[in-house]
Amino acid sequence: MILNRSDFRTLSDISSTSPEASSQQPPRHVAVIMDGNGRWARARGVPIAQGHYEGGEALQRCVSAALEHGVEYLTLYAFSLENWRRSGEEIEELTSLLQFYLRHRFDALDREGVRLRIIGEPERFGEELCAELRQAEEKTRNNKRLTLFLALSYGARAEIVGAARDLVSKVQQGALRLEDINEDVFSSALQTGDAPDPDIIVRTSGESRLSNFLLWQSAYAELIFLDVLWPDFSEADFAAVLKDYMQRHRRFGGRPA
Ligand code: IPE
Ligand code: IPE
Ligand code: MG
């Protein structure tokens, strides 16, 4: 089911009257597939690069909203492994945009207590950008308010294969026993490490698929598909997502209490 903004009005009405609405704990980890920059640009007859630029502005609104709502982990899907299929021109524009945000906008996030962690294969963006990303991670490593996982050149299947390889190599070196590999050990070997699994995965732009995002970690995530193009995403949309989540009933396979 894809929600649009008028549905949210109904949902907030329900949540304010539902006696069970308060039983849900607020989400600790929100993950977002930031989709729709291209369609936003095409609808306005402007270059795709402008859609991506406005997408960067939306990203900042999303981080502000996460901070405001006390979310501890925010994972943002910025570029997939499959996105390397796009034109050289679009990739160059995205790379410069990333560099621009890192150089000119990142300090503000640092001051707010955001810790940056990159997941994916950022080295594919070249040595210079990768070094700047690693510096930003290092600079913010002691920030505690919000951990921001930025997924760059990320693919969940590749992440899972990487974790399997790491574990096999530890077993081969005698640092880990085969019988000690369990779901928790496997989760810790993923790039999101010891972060809790996402409680919510949001995708904008009206598409209802995961596109190779957090396939292991999404096992019990609540999926929310928004009929909003990413550059139009607002802090109110973030609040509406949380409201929708708060009135869902997560059962994890059990019976409702
Ligand atoms: C998401 O927007 C940004 C990236 C994948 C880099 P898109 O560029 O996929 O936008 P649409 O799907 O073409 O509208
Ligand atoms: C998923 O969006 C990746 C990001 C938002 C970064 P895509 O636009 O690449 O996904 P598909 O191709 O529509 O599945
Ligand atoms: Mg897309």
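**Exercises on aromatic pairs, cores and a ligand site**

With ring centres within 6.5 Å taken as the criterion, 13 aromatic pairs are counted. The model is a predicted one.

**Exercise 1.** Classify the ring pair Tyr53 and Phe100 as stacked, tilted or edge-to-face.

Solution.
- Step 1: the ring centres of Tyr53 and Phe100 are 6.5 Å apart, and the planes meet at 50 degrees.
- Step 2: stacked requires planes under 30 degrees apart and edge-to-face requires over 60, with the rest tilted.
- Step 3: at 50 degrees the pair is therefore tilted.

Where do the two residues lie in the secondary structure? Tyr53 belongs to helix α3 (residues 48-68) and Phe100 to helix α4 (residues 88-104), so the pair ties together parts 47 residues apart in sequence. Tyr53 and Phe100 also form one aromatic cluster with Tyr101.

**Exercise 2.** Assign Tyr53 and Phe100 to an exposure class.

Solution.
- Step 1: buried means under 20% relative accessible area, and exposed means over 50%.
- Step 2: Tyr53 has 29% relative accessibility, so it counts as partly exposed.
- Step 3: Phe100 has 30%, so it is partly exposed.

**Exercise 3.** Repeat both classifications for Phe79 and Trp84.

Solution.
- Step 1: the ring centres of Phe79 and Trp84 are 4.9 Å apart, with the planes at 70 degrees.
- Step 2: because edge-to-face applies over 60 degrees, the Phe79 and Trp84 pair is edge-to-face.
- Step 3: Phe79 has a relative accessible area of 3% and is buried, whereas Trp84, with 22%, is partly exposed.

**Exercise 4.** Describe the largest nonpolar core and the surroundings of Val30.

Solution.
- Step 1: the largest nonpolar core has 42 residues, of which Val30, Val32, Val63, Leu74, Leu76 and Phe238 touch the most other members.
- Step 2: α3 contributes the largest share of this core, seven residues.
- Step 3: beyond neighbours within four places in sequence, Val30 is in contact with Val71, Tyr73, Leu74, Thr75, Ile200, Val202, Phe238 and Leu242.
- Step 4: there is also a second, separate core of 14 residues, including Ile119, Ala151, Tyr154 and Ala195.

**Exercise 5.** Which side chains place polar atoms by oxygen atoms of ligand 2, and how much of the ligand is covered?

Solution.
- Step 1: the residues surrounding ligand 2 include Asp35, Phe79, Asn83, Arg86, Arg203 and Arg209.
- Step 2: a side-chain N or O atom of Asp35 is 3.2 Å from a ligand 2 oxygen.
- Step 3: for Asn83, the distance from a polar side-chain atom to an oxygen of ligand 2 is 2.8 Å.
- Step 4: Arg209 likewise has a polar side-chain atom 2.8 Å from an oxygen of ligand 2.
- Step 5: alone, ligand 2 has 390 Å² of accessible area, and the protein covers 77% of that.

Conventions
Residues numbered from 1 in each chain as written. Chains lettered and ligands numbered in written order. Predicted model: local features only at pLDDT ≥ 70, side-chain atom pairs only at ≥ 80, totals over all residues. Heavy atoms only, no water. Phe/Tyr/Trp six-rings, centres within 6.5 Å; stacked < 30°, edge-to-face > 60°. Helix = DSSP H or I, 4+ residues; strand = E, 2+ residues; numbered from the N terminus. Buried < 20%, exposed > 50% of the residue type's maximum accessible area, 1.4 Å probe, protein only. Core = buried A, V, L, I, M, F, W, Y, C linked by side-chain atoms within 4.5 Å. Contact = heavy atoms within 4.5 Å. Near = heavy atom within 4 Å. Polar contact = N/O pair within 3.5 Å; in protein donor to acceptor, adjacent residues only side chain to side chain. Areas by Shrake-Rupley, 256 points an atom, 1.4 Å probe, with all protein chains shown as cover.
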